[in-house]
Amino acid sequence: MASISEWYAGKNVLITGATGFMGKVLLEKLLRSCPDVNALYILVRPKAGQSMSERVQDMMKCKLFDRVREDNPDFHQKIIPISSELTQPGLAISPEDVQTLTSCINIVFHCAATIRFDEPLKHALQLNVIATQQLLSLAQQMQHLQAFIHISTAYANCNRRHIDEVIYPPPVEPKKLIDSLEWMDDSIIRDITPRLIGDRPNTYTYTKALAECVVQQESSKLNIGIIRPSIVGASWQEPFPGWIDNFNGPSGVFIAAGKGILRTMRASNDAVADLIPVDVVINLTLAAGWYTAVHRPKAALVYNCTTGGINPFHWGEIEHHVMSSFKRNPLEQAFRRPNANITSNYLINQYWILVSHKFPALIYDLFLRLSGQKPQMMRIFNRLHKAIGLLEYFSSQDWEWNSENMNMLMSQLSADDRKTFNFDVRQLNWPEYIENYCIGTKKYVLNEDMSDIPAARQHLRKLRNIRYTFNTVLLVFIWRVFIARSQMARNIWYFVVSLCFKFLSYFRASSTLTQ
């Protein structure tokens with residue numbers, strides 16, 4: 001049987017969402033590990049002020065493609081952009097491009113989706129369900145199509161605690177919902193959205209569940225595979241450790257903690273943080289494309305691409321390693337020293353939000369106003385609280401995912417393919433991964449130079465001295481205003497101090513006796 005890279009040789013591949021985080025990694029991996037692939041067709045949406053070709057050129061200048069550039073400086077010739085708009089009928093693909101795609105495409109990777117948790121239902125339905133429906137319709141016209149791989153999410157069925165590798169019945173028949181929302185006013189849809197999504201936390205997970213149903217309905221006519229990644233994070237190994245290019249998911253939270261802005265987060269320390277490196281997802285996706293095309297399973301195979309059941313890591317552990325990493329490799333111009341704490345208690349979390357977020361933000365904004373600048377810190381904290389609030393559902397509880405299909409696929413790979421397309425998360429060293437992740441946010445998201453770390457450390461020392469000075473002044477102020485003027489307060493103070501002294505004396509004496 002041909003290896004994975006050999007199977008992709010000479011193939012024409014269609015990728016949606018190629019300008020997004022996962023799409024770019026998929027594009028790079030195909031070009032680097034399957035160098036004999038014939039052509040990569042990518043659907044691209046022209047943006048205001050930037051043509052389709054300009055968007056693609058900017059994407060290919062990205063550091064992500066450095067290794068491919070070294071091996072093949074002309075790699076861009078294999079990338080063929082197709083103008084498309086997922087919100088338009090027929091995906092707004094021209095008749096000429098439709099003819100080209102239907103006559104040559106061998107495999108489709110559908111990565112495009114809106115990943116915003118608070119997306120209005122109608123827009124999320126258009127991008128995640130209707131666009132998938134239209135792409136499947138186009139795929140059925142493809143004369144040489146061998147596999148259609150759909151990227152879903154492990155949280156499509158997050159209303160269940162145990163999630164098998166099956167497509168569950170949809171919360172509502174997709175066609176009926178699409179027909180119903182067509183005539184409704186946006187305000188009406190907004191009002192009924194909570195009742196529609198039911199026990200799911202947001203429109204993203206709801207519409208991704210509907211999209212799986214749409215894919216299943218077409219599975220009898222196509223060879224289909226569905227990949228369900230959990231929380232997709234920075235790369236583990238490929239093309240280099242720690243690559244990330246956005247603030248989505250945990251990346252923004254890590255950066256906020258590293259900058260000293262985030263001081264508290266409501267989550268369960270013992271809950272599994274089901275992070276999955278992006279390169280693991282992409283390697284599994286390419287392997288699933290190969291398997292689906294070669295073995296042609298009778299039904300659509302679902303792959304739960306998660307780490308929690310195989311190599312678990314908890315939110316409390318993540319908090320420890322993120323703080324440690326940013327203290328060793330601090331971000332530039334931090335607001336405060338990194339020191340975030342996780343708590344599952346609502347009242348404690350609200351207390352720390354008031355003391356460590358809102359109060360410092362008010363003081364800083366007052367300083368900005370007095371110096372003639374525009375206040376901004378409270379606005380930043382409000383945005384941060386909104387983002388963290390959307391993540392609380394996923395950071396406060398556990399799920400159990402079955403991963404038999406993932407294990408089965410791994411057993412089908414040759415030794416070389418397991419190395420080249422590695423998705424064995426048992427080999428993942430979490431502390432090392434989190435360290436690289438934090439450094440990746442510094443280098444690739446914030447574009448900070450690693451040579452400036454000594455200056456950043458000096459800045460953290462300055463912040464520490466400011467904090468000690470502020471605490472000392474506050475203590476003196478409390479003493480002068482509250483304690484020094486009241487005999488009862490002084491008595492209480494002396495009692496507490498003497499109690500602490502006696503405790504320390506007892507502890508010292510106990511230690512001496514033990515020795």
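Trainee: Which UniProt annotation covers residues 15-284?

Mentor: The unreviewed entry assigns that range to "domain: Thioester reductase (TE)". UniProt positions follow the numbering used here, feature names are shortened, and such annotations may be inferred rather than shown by experiment. Residues are numbered from 1 along each chain as its sequence is written, and side-chain values use heavy atoms, with hydrogens and water left out. The model is predicted: local features need pLDDT of at least 70, side-chain atom pairs count only at pLDDT 80 or more, and totals for chains, interfaces and linings use all residues.

Trainee: What is the helix and strand content of residues 15-284, and what does UniProt list for residues 357-448?

Mentor: Residues 15-284 are 41% helix and 14% strand, with end C-alpha atoms 16 Å apart. For residues 357-448, the unreviewed UniProt entry lists "domain: Fatty acyl-CoA reductase C-terminal". That second span is 70% helix and 2% strand, and its end C-alpha atoms are 25 Å apart. Helices here are DSSP runs of H or I with at least four residues, and strands are runs of E with at least two, numbered from the N terminus. On that basis the protein has 19 helices and 13 strands.

Trainee: How do you know that helix 2 is close to its expected reach?

Mentor: The expected span is 1.5 Å times one less than the number of residues. Helix 2, residues 21-33, has 13 residues, and its first and last C-alpha atoms are 18 Å apart, close to the expected 18 Å.

Trainee: Why is helix 2 called mostly covered?

Mentor: Buried means under 20% relative accessible area, exposed means over 50%, and partly exposed lies in between (1.4 Å probe, protein chains only). In helix 2, 13 of its 13 residues are buried. Across the protein, buried residues make up 50% of the 515 residues.

Trainee: Why is Pro170 called partly exposed?

Mentor: Its relative accessible area is 27%, and that value falls between the two limits, so Pro170 counts as partly exposed. Pro170 lies in the loop between strand 6 (162-163) and helix 7 (174-182). Leaving aside residues up to four places away in sequence, Pro170 touches Leu210 and Cys213, where contact means heavy atoms within 4.5 Å.

Trainee: What makes Ala92 and Asn447 unusual in phi?

Mentor: Most residues other than glycine have a negative phi, and most peptide bonds are trans. Ala92, which is not a glycine, has a positive phi of about 55°, and phi of Asn447 is near 55°. Ala92 sits in the loop between strand 3 (79-83) and helix 5 (95-104) and is partly exposed at 36% relative accessibility. Asn447 is in the loop between helix 17 (430-445) and helix 18; at 62% relative accessible area, Asn447 is exposed.

Trainee: Which peptide bond is cis?

Mentor: The bond joining Glu238 and Pro239 is cis, with omega of about -5°. Pro239 is in the loop between strand 8 (231-233) and helix 10.

Trainee: What makes a space a cavity rather than a pocket?

Mentor: On a 1 Å grid over the protein atoms alone, a cavity is a set of points where a 1.4 Å probe fits but cannot get out, whereas a pocket is an open set with protein on both sides within 12 Å along at least five of seven lines; lining residues have an atom within 4 Å of a point. Grid points are joined across faces, edges and corners, and a volume is the space filled by probe spheres set on the points. The whole structure holds 3 cavities of 30 Å³ or more. The largest has a volume of about 140 Å³, and its 14 lining residues include Val253, Leu262, Met265, Glu319 and Ile342, which lie nearest its centre. Helix 12 gives the most to that lining, with 5 residues.

Trainee: How many residues of the lining of the largest cavity are nonpolar?

Mentor: The lining divides into 11 nonpolar, 2 polar and 1 charged. Here Ala, Val, Leu, Ile, Met, Phe, Trp, Tyr, Cys and Pro count as nonpolar, Asp, Glu, Lys and Arg as charged, and the others, Gly among them, as polar.

Trainee: What is the volume of the second largest pocket?

Mentor: Its volume is about 1000 Å³. Of its 25 lining residues, Arg263, Arg336, Pro360, Arg467 and Phe470 are the closest to its centre. Helix 13 gives the most to that lining, with 9 residues, and by class the lining has 13 nonpolar, 8 polar and 4 charged residues.
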